[in-house]
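Please load the structure in a viewer and keep the selection panel at hand. The tour proceeds by selections, each followed by an account of what is found there.

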Amino acid sequence: MDVKDGSTTRGTGRGAARGTYAVGDERRARILDAAVEHFAQWGFHATSLARIAKDVGITQGGLLHHFRTKEALLVSVLEASDEHDTERFFAEECESVAEWFHRLLDLTAYNSRRPGRTRMFNALVGESGDPDHPAHAFFARRYRTLVADAAQSLRRGLDSGELRPDTDCEAEARQLLAVMDGLQLQWVLAPQAVDMTAELRGYLTRLYRNLSTAGGALPPAATAAE
């Protein structure tokens, strides 16, 4: 009986620990979700940890148990969002530039369905031009990575013969990202007037026609691997 009771106690302890971790993970996720909306509406400096905590239904001390500072919360929000997008759209290497373009269109359509996150990024990118802003290093690193990754995707198309040999992959990557960011900003300001996915599709169709060795329009998504 003693052995049985001891085993039961230890098992219950492990179960309780797992339950505690699950509750902590769920609360952390709710904090991140609420923070997205607050950073989107007020930016970093005007966002209040107390208001975020109130929205989540916890005390500010409870919030600080998960994120020790507002700066740490901000960086966690940004990193979690980027990791989610990478896993969802770019976990597997694209077989062609055409397929990569369609992945970008899928990401843009997805962004239009989550306005809070999209507004947040636009608000914080503008603020982070200040070198003292807590997100400055994150966005500087993010854009270096995005340009490098985009240039590499185009370079694969150049190496495979899909793109013209005179393609300046880094310059095209920078311009493509500028177009995507510009359309996103216009959409945030007037979502009913701007269809950023359709606008981006038109741009990518023209770009593919100009860069591809075949000189044709962007192939339909059905021809690219999903």
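## First selection: phenylalanine 101

Select phenylalanine 101 in this predicted model; beyond its neighbours within four places in sequence, phenylalanine 101 is in contact with Leu154, Leu176, Leu204, Leu207, Tyr208 and Leu218. A second, separate core of 25 residues can be selected next, with Phe44, Ile52, Leu74 and Phe139 among its members.

Return then to the largest nonpolar core, which has 26 residues. Within this core, Trp100, Phe101, Leu154, Leu176, Leu200, Leu204 and Leu218 touch the most other members. At least two residues of the core come from each of helix H5 (97-112), helix H7 (136-160), helix H8 (169-189) and helix H9 (196-211). The greatest contribution is that of H9, with seven residues.

## The whole chain

Zoom out and colour by secondary structure. The protein has nine helices and zero strands, and the pattern along the sequence reads α-α-α-α-α-α-α-α-α. Of the 226 residues, 39% are buried. Among contacts between residues at least 6 apart in sequence, 65% join residues at least 24 apart. A surface representation shows an exposed area of about 12,700 Å², of which carbon and sulfur atoms supply 52%.

## Helix H9

Select H9 alone. Its 16 residues should span 22 Å at 1.5 Å a residue, and the end C-alpha atoms are 22 Å apart, in agreement with that expectation. Which residues of H9 are buried? They are Met196, Thr197, Leu200, Tyr203, Leu204, Thr205, Leu207, Tyr208 and Leu211. Adding H5 and H8 to the display reveals part of what covers these buried residues of H9.

## Methionine 120

Move to helix H6 (residues 115-127) and select methionine 120 there. Is methionine 120 buried or exposed? Methionine 120 is buried, because its relative accessible area is 0%, which lies under the 20% limit for that class. Not counting residues up to four places away in sequence, methionine 120 touches Val36, Phe39, Ala40, Val77 and Leu78. A distance label from methionine 120 to phenylalanine 44 should read 9.4 Å, C-alpha to C-alpha, for a pair 76 residues apart in sequence.

## Arginine 142

Continue to helix H7 and select arginine 142. Arginine 142 has a relative accessible area of 16% and therefore counts as buried. What does the side chain of arginine 142 meet in a polar contact? The partner is the side chain of aspartate 82, at 3.0 Å. With residues up to four places away in sequence left aside, arginine 142 touches Asp82, Arg117 and Phe121.

## Salt bridges

Display the charged side chains. The count comes to nine salt bridges, of which the following selections show some.

Begin in helix H1 (residues 2-42), which holds both arginine 30 and glutamate 26, four residues apart, or about one turn of the helix. Why can two such side chains meet? An α-helix has 3.6 residues a turn, so residues three or four places apart point the same way. The side chains of arginine 30 and glutamate 26 form a salt bridge at 2.7 Å, N to O. Arginine 30 is partly exposed at 31% relative accessible area, and glutamate 26 is likewise partly exposed, at 41%.

Next select arginine 119 and glutamate 37, whose side chains meet in a salt bridge at 3.7 Å, N to O. Arginine 119 belongs to helix H6 and glutamate 37 to helix H1, so this pair ties together parts that are 82 residues apart in sequence. Relative accessibility is 34% for arginine 119, which counts as partly exposed; glutamate 37 is partly exposed as well, at 40%.

In helix H5, select arginine 103 and glutamate 99, which are four residues apart and so separated by about one helical turn. Their salt bridge places the closest N and O atoms 2.8 Å apart. Are these two residues buried or exposed? Both arginine 103 and glutamate 99 are buried.

As a last stop, select Asp85, Arg114 and Arg117, which are linked in a network of salt bridges. Arg117 has already appeared on this tour, as one of the residues that arginine 142 touches.

Definitions and conventions. Residues numbered from 1 in each chain as written. Predicted model: local features only at pLDDT ≥ 70, side-chain atom pairs only at ≥ 80, totals over all residues. Heavy atoms only, no water. Core = buried A, V, L, I, M, F, W, Y, C linked by side-chain atoms within 4.5 Å. Buried < 20%, exposed > 50% of the residue type's maximum accessible area, 1.4 Å probe, protein only. Contact = heavy atoms within 4.5 Å. Polar contact = N/O pair within 3.5 Å; in protein donor to acceptor, adjacent residues only side chain to side chain. Areas by Shrake-Rupley, 256 points an atom, 1.4 Å probe, with all protein chains shown as cover. Expected span 1.5 Å × (residues − 1). Salt bridge = Lys/Arg side-chain N within 4 Å of Asp/Glu carboxyl O.
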